[in-house]
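Reader: Got a minute to go through this one with me? Please put it up first.

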Amino acid sequence: AALAATLFFFSHRSPNAEKKPGRVHMVKIQGMTFTPQHLQISPGDSVTWTNDDIVPHAVKSTDAKNAWESQLLQAHDSWTKVFNESGSYLCPFHPVMTGDVTLDRATPIAP
C-alpha cells in the first residue's frame, strides 16, 4: 500500500512542483525616476520596485489589456510583480516617470 501511495504521489504531482523560481530584478525609485528604466528579463522573473524617495509613488501598467498596479509605496516600501508578458509602466502620480520590461522570448516559460 505504501508503494502504491508513493507511486501515485509522484505520478500525479503538479507540473509547477519542479518549477524553479525566476530571478528577482530590483528597480529603485529615486530622484523621481525608475532606475534602471529599461529591463530585459526572462519569463517568470520578478521585478521589485523600492521607493527610495521621500514622496509616495506607485507603479502602474500602461497597457489596458494587461493591467496591473501596485499599492501606494511610501518611503522605503517595496512591491514585487512576476512577469510573463512585456510591458511599460509609469507612476500614476508622476506620469513623467516611466519604465518598461521586455521579456527575452528565447527563454521558454517553464511548465
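Author: One term before the surface numbers: accessible areas here come from the Shrake-Rupley method with a 1.4 Å probe. And keep in mind that this is a predicted model.

Reader: Fine. How much area does the protein expose, and what share do carbon and sulfur atoms supply?

Author: About 7,100 Å² is exposed. Carbon and sulfur atoms supply 59% of that.

Reader: And what percentage of the residues count as buried?

Author: 32% of the 111 residues.

Reader: Which elements are there, and in what order?

Author: There are 1 helix and 8 strands. From the N terminus the order is α-β-β-β-β-β-β-β-β.

Reader: What about contacts between residues at least 6 apart in sequence: what share joins residues at least 24 apart?

Author: 52% of them.

Reader: Back to the surface. Which residues make the nonpolar patch?

Author: M32, I54 and V55 make a patch of about 290 Å².

Reader: Where is I54?

Author: I54 is in the loop that links strand 4 (46–51) to strand 5 (60–61).

Reader: Why does I54 count as exposed?

Author: Because its relative accessibility is 82%, and exposed means over 50%.

Reader: Now G31. Where does G31 lie?

Author: In the loop between strand 1 (24–30) and strand 2 (33–35).

Reader: Is G31 buried or exposed?

Author: Exposed, because its relative accessible area is 53% and the cut-off is over 50%.

Reader: How far apart are the C-alpha atoms of G31 and M97?

Author: They are separated by 9.9 Å. Along the chain, G31 and M97 are 66 residues apart.

Methods. Residues are numbered from 1 along each chain as its sequence is written. This is a predicted model: local features need pLDDT of at least 70, side-chain atom pairs count only at pLDDT 80 or more; totals for chains, interfaces and linings use all residues. Side-chain values use heavy atoms; hydrogens and water are left out. Helices (H or I, at least four residues) and strands (E, at least two) are DSSP runs, numbered from the N terminus. Buried means under 20% relative accessible area, exposed over 50%, partly exposed in between (1.4 Å probe, protein chains only). Contact means heavy atoms within 4.5 Å. Patches are made of residues with over 30% relative accessible area and no salt bridge: like charges are joined within 9 Å, nonpolar side chains (Val, Leu, Ile, Met, Phe, Trp, Tyr) within 5 Å. A salt bridge is a side-chain nitrogen of Lys or Arg within 4 Å of a carboxyl oxygen of Asp or Glu.
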